[in-house]
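This report walks through one protein chain, from a pair of strands to its cores and its charged contacts. Please keep the sequence and the structure in view while reading.

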Amino acid sequence: MVAPMLRYIFRGRWFCTPGPLGVLPLGLREAHSGAQELLAVLKARGLFKEFFPETGTKIELPELFDRRAAGNLPQTIYCGFDPTADSLHVGHLLALLGLFHFQRAGHDVIALVGGATARLGDPSGRTKEREVLDAERVGSNARALRVGLEALAAHHQQLFANGRTWGSFTVLDNAAWYQKEHLVDFLAAVGGHFRMGTLLSRLSVQTRLKSPEGMSLAEFLYQVLQAYDFYYLFQRYGCRVQLGGSDQLGNIMSGYEFIHKLTGEDVFGITVPLITSTTGAKLGKSAGNAVWLNRDKTSPFELYQFFVRQQDDSVERYLKLFTFLPLPEIDHIMQLQVKEPENQLQLPLFHGQEGLDSAKRCTQALYHSSIHALEVMSDQELKELFKEASFSELVLDPGTSVLDTCRKANAIPDGPRGYRMITEGGVSINHRQVTNPESVLIVGQHILKNGLSLLKIGKRNFYIIKWLQL
């Protein structure tokens, strides 16, 4: 059941357009007041879960981001994304939004694709070893992730910057530096700075060692390479903050300890909460419930529906996590009593304005039986919406009837049984029931302006027909 309140709060509020409250679009106002501490605001939104280390450093984390302090320069923050698949998914969103919030506040951010570390497999949060990926597949996935990250950053800039100066958004791949390293030289230079007792004490390692499968050496060394990534980015880019999921805290701690031993400098880690399904399960490829950001894997309509279908009690939390709305404005929205608002969840950050329009068309066609929406839908949209539907290309001969169409599409059985399915009301074309098998198809009624017909047999069997030589 679609939650009415959720449908309202995403009315023009998903990263862009003005809604009915007369509030400025998000891109036309600052998300963070200079008088507020950036970290405190993001903590209050629920976007940040833990800070490490919280105390005991020469300069504490909040001071780094206080641009009012004399001599404070923009900071560099990074987050890693291993290319275990060729697309990002909803489970990556909070880390990405964390980077975007920092960028909007004038700091430089780095999205690091793990083209090397994905070959080992991160054991964090897992009860068994990841599927081993060969170098060619990891390389292909890494290139796809890089394209996806750059597209998201471009959408973010295009939709919201509005001429303001933000920090930079850079995409790197750690394969670039590991390809230059020789194994023995690397172990000799880096390995001596890690203590086995400390590495073994990490929760991710302890959990795997106690499991029936145990833990491979490749997985065990993953935290060493992630720590080195942090060190490399600290040295080359002045990166002092690593952002990651809450299951990454152990790996972040390893990076802090490594850098502190080598340089005496303090660096920091920030974790974001994990996104879970309505049943509480972690969202992701390994869990088998990933909602992808790549259109080839999850259509804009399916992504749209993922958010619309969330429970009412998730509304306020999702507003704080997935939008740039200021907290007072969110409080105001939550106080409103709206009964039946139009469903306008917007997704331009992921698929651009065209993706949002596509999601709306699909929603109207599927849930509101809109003929107009069907008429303006592309072949791709229909295939995305009716994934299990058979797709046929047919020539429209003069006098083609409803019965001819159903048989040519192999939608009904031959003989009297198929004929009765039509006369008994079991067939519809473009959401309109047809009961006369001999009716001749009419362009504009049975055949839409885009040359397509949506044939439905029974309650769930769809057939898409593209007519040729109209």
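In strand E10, the residue that Val427 has as its bridge partner is Ile457. The model that shows this pairing is a predicted one.

**The strands around E10**

Val427 belongs to strand E8, which covers residues 427-429 and is joined to E10 by 3 bridges. The two strands run antiparallel. Strand E10 itself spans residues 452-457, and 5 of its 6 residues are buried. E10 also pairs with strand E11, residues 461-468, again in the antiparallel sense, and here there are 6 bridges. Within that pairing, Leu455 stands opposite Tyr463 of E11. E10 and E11 form a hairpin with 3 residues between the strands. Gly458 in this hairpin takes a positive phi near 70°.

**The chain as a whole**

The chain has 20 helices and 11 strands. It is made of 470 residues, of which 53% count as buried. How much of the contact count comes from residues far apart in the sequence? Among contacts with a separation of 6 or more, 73% are between residues 24 or more positions apart.

How confident is the predictor? The mean pLDDT of the chain is 80, and 82% of the residues reach 70 or more. Over residues 1-31, however, the pLDDT is below 50. This stretch still has 102 contacts in the model beyond near neighbours in sequence. Residues 337-348 also stay under 50, and the model has 41 contacts for them beyond four places in sequence.

**Two nonpolar cores**

The largest nonpolar core has 50 residues. Which residues have the most contacts inside it? They are Phe48 and Phe81. The element that gives the most to this core is helix H4, residues 93-104, with 8 residues. Another core, of 31 residues, lies apart from it and includes Ile110, Tyr178, Phe234 and Ile259.

The neighbours of Phe48 come from several parts of the sequence. Leaving out residues up to four places away, Phe48 touches Leu39, Leu42, Lys43, Gly98, Phe102, Leu243, Ile270, Thr271 and Val272.

**Thr298 and helix H13**

Thr298 is found in the loop between strand E6 (268-272) and helix H13 (300-308). Is Thr298 buried or exposed? Its relative accessibility is 7%, so Thr298 counts as buried, the cut-off for buried being under 20%. The side chain of Thr298 reaches the backbone nitrogen of Trp292 at 2.9 Å.

Helix H13, which follows this loop, is largely enclosed by the rest of the structure, because 8 of its 9 residues are buried. The buried residues of H13 are Pro300, Phe301, Leu303, Tyr304, Gln305, Phe306, Phe307 and Val308.

**Salt bridges**

How many salt bridges does the structure hold? There are 7, and the table lists some of them.

| Residue pair | N to O distance |
|---|---|
| Asp86 and Lys297 | 3.3 Å |
| Arg146 and Glu150 | 3.4 Å |
| Lys320 and Glu316 | 3.5 Å |

The salt bridge between Asp86 and Lys297 links distant parts of the chain, as these residues are 211 residues apart. Asp86 lies in the loop between strand E2 (76-81) and H4, while Lys297 lies in the loop between E6 and H13. That second loop is also where Thr298 is found. Asp86 has a relative accessibility of 31% and so counts as partly exposed. Lys297 is partly exposed too, with a relative accessible area of 32%.

Arg146 and Glu150 sit in helix H5, residues 135-160. Because they are 4 residues apart in this helix, about one helical turn separates them. Arg146 is partly exposed at 33% relative accessible area, and Glu150 is partly exposed at 40%.

Lys320 and Glu316 lie in helix H14, residues 315-322. They are 4 residues apart, about one turn of the helix. The relative accessibility of Glu316 is 30%, so Glu316 counts as partly exposed.

Conventions. Residues are numbered from 1 along each chain as its sequence is written. Side-chain values use heavy atoms; hydrogens and water are left out. A nonpolar core is a set of buried Ala, Val, Leu, Ile, Met, Phe, Trp, Tyr and Cys residues joined through side-chain atoms within 4.5 Å. Buried means under 20% relative accessible area, exposed over 50%, partly exposed in between (1.4 Å probe, protein chains only). Contact means heavy atoms within 4.5 Å. Two strands pair if DSSP finds at least two bridges between them. pLDDT is the predictor's confidence in each residue, from 0 to 100. A polar contact is a pair of N or O atoms within 3.5 Å; within protein, one must be able to donate a hydrogen and the other to accept it, and residues adjacent in sequence count only if both atoms are side-chain atoms. A salt bridge is a side-chain nitrogen of Lys or Arg within 4 Å of a carboxyl oxygen of Asp or Glu.
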